[in-house]
Amino acid sequence: HGDCVQKVCLKHKENQCMCTADPECVWVVKPGVNMPHNGYCVKPSMASCPDVDIAMLLDGSGSMRNTFGSYSHGFYGLCEIMREWVLNAPLSGDDHTVGKDASPGGFRVAFLQFAFSKRDYRFKPAHPSNCGVGECTDGKLSGRFDELALDLDWHEDNYQRGWTYLYTAFTEAADLTFLP
C-alpha cells in the first residue's frame, strides 16, 4: 500500500538468467536482434508482440481536465496509463538518435501532445527538445524506458490545455517520427 515498485521484468530487461528464473517473465529471442544477449525480458502477455514503431498522440485539450476512469484529471491519468504500458512493453532498447536505422526487436515509441492555442493559429505538437541520449526523445521514436519516462514527466509538467485539430496532429506526428 502506497509503495512504488519497479516492474519485475523491466529489472531483468537485459539479464537472461534473472529473467528466466522469474516466473512472471519470459526471455524473448529474435534472430537479428542487436541487443545484449540477443533478446529481452517481458511479461508473457507481451512476448508475441511484433516489432513496431508507435507514435502516441496525447490529447492536450482543455477537455482532458475532466475525470478519466478512476483519475480525477484526465490528462495526468492518460500519462500514467501510458507510463504503465511502456513499463511492460517489449522496448527495443534503441535511443532516440537511431532514427530509421533501428535494430529489429521490440517497440519504439514517441509521445506527442497535440493542442492548439486560439491566439496562435499555427499547430505545433508539444514535446521536449534538445535532449541528449537518456534525457528525453526530442519527439522522436525511442525504445528506451528512461527516455520515454522523462518524456511523460515533461508532458505532465507541460499540459497544453488548448483546442485540438486531429488532421494537423497526425500530419505533424508523421513528419516528426516516421519521415526522414
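This short report looks at the cysteines of this structure and at one nonpolar patch on its surface. Keep in mind that the model is predicted.

Let's start with the cysteines. A disulfide is a covalent bond between the sulfur atoms of two cysteines. How many disulfides does the model have? The count comes to one disulfide. Its partners are Cys19 and Cys41, with their sulfur atoms 2.2 Å apart. The link between Cys19 and Cys41 is right-handed, with 85° about the S-S bond. It ties together distant parts of the chain: Cys19 sits in helix H2 (residues 16–21), while Cys41 belongs to strand E2 (residues 39–42), and the two are 22 residues apart. Are Cys19 and Cys41 buried or exposed? Both are buried.

So why is Cys17 not bonded to Cys19? The closest cysteine sulfur to that of Cys17 is in Cys19, 9.9 Å away, and that is too far for a bond.

Here is how Cys17 and two other residues fare for accessibility:

| Residue | Relative accessibility | Class |
|---|---|---|
| Cys17 | 62% | exposed |
| Tyr71 | 30% | partly exposed |
| Cys79 | 0% | buried |

Cys79 counts as buried because its relative accessibility is 0%, and buried means under 20%. Cys17, at 62%, is exposed because that class begins over 50%.

Now for the surface patch. Tyr71 joins Phe68 and Ile81 in a nonpolar patch on the surface, and together they have about 220 Å² of accessible area. Where along the chain is Tyr71? You'll find Tyr71 in the loop between strand E3 (52–59) and helix H3 (74–88).

Conventions
Residues numbered from 1 in each chain as written. Predicted model: local features only at pLDDT ≥ 70, side-chain atom pairs only at ≥ 80, totals over all residues. Heavy atoms only, no water. Patch = residues over 30% accessible without salt bridge, like charges linked within 9 Å, V, L, I, M, F, W, Y side chains within 5 Å. Areas by Shrake-Rupley, 256 points an atom, 1.4 Å probe, with all protein chains shown as cover. Salt bridge = Lys/Arg side-chain N within 4 Å of Asp/Glu carboxyl O. Helix = DSSP H or I, 4+ residues; strand = E, 2+ residues; numbered from the N terminus. Buried < 20%, exposed > 50% of the residue type's maximum accessible area, 1.4 Å probe, protein only. Disulfide = S-S within 2.5 Å.
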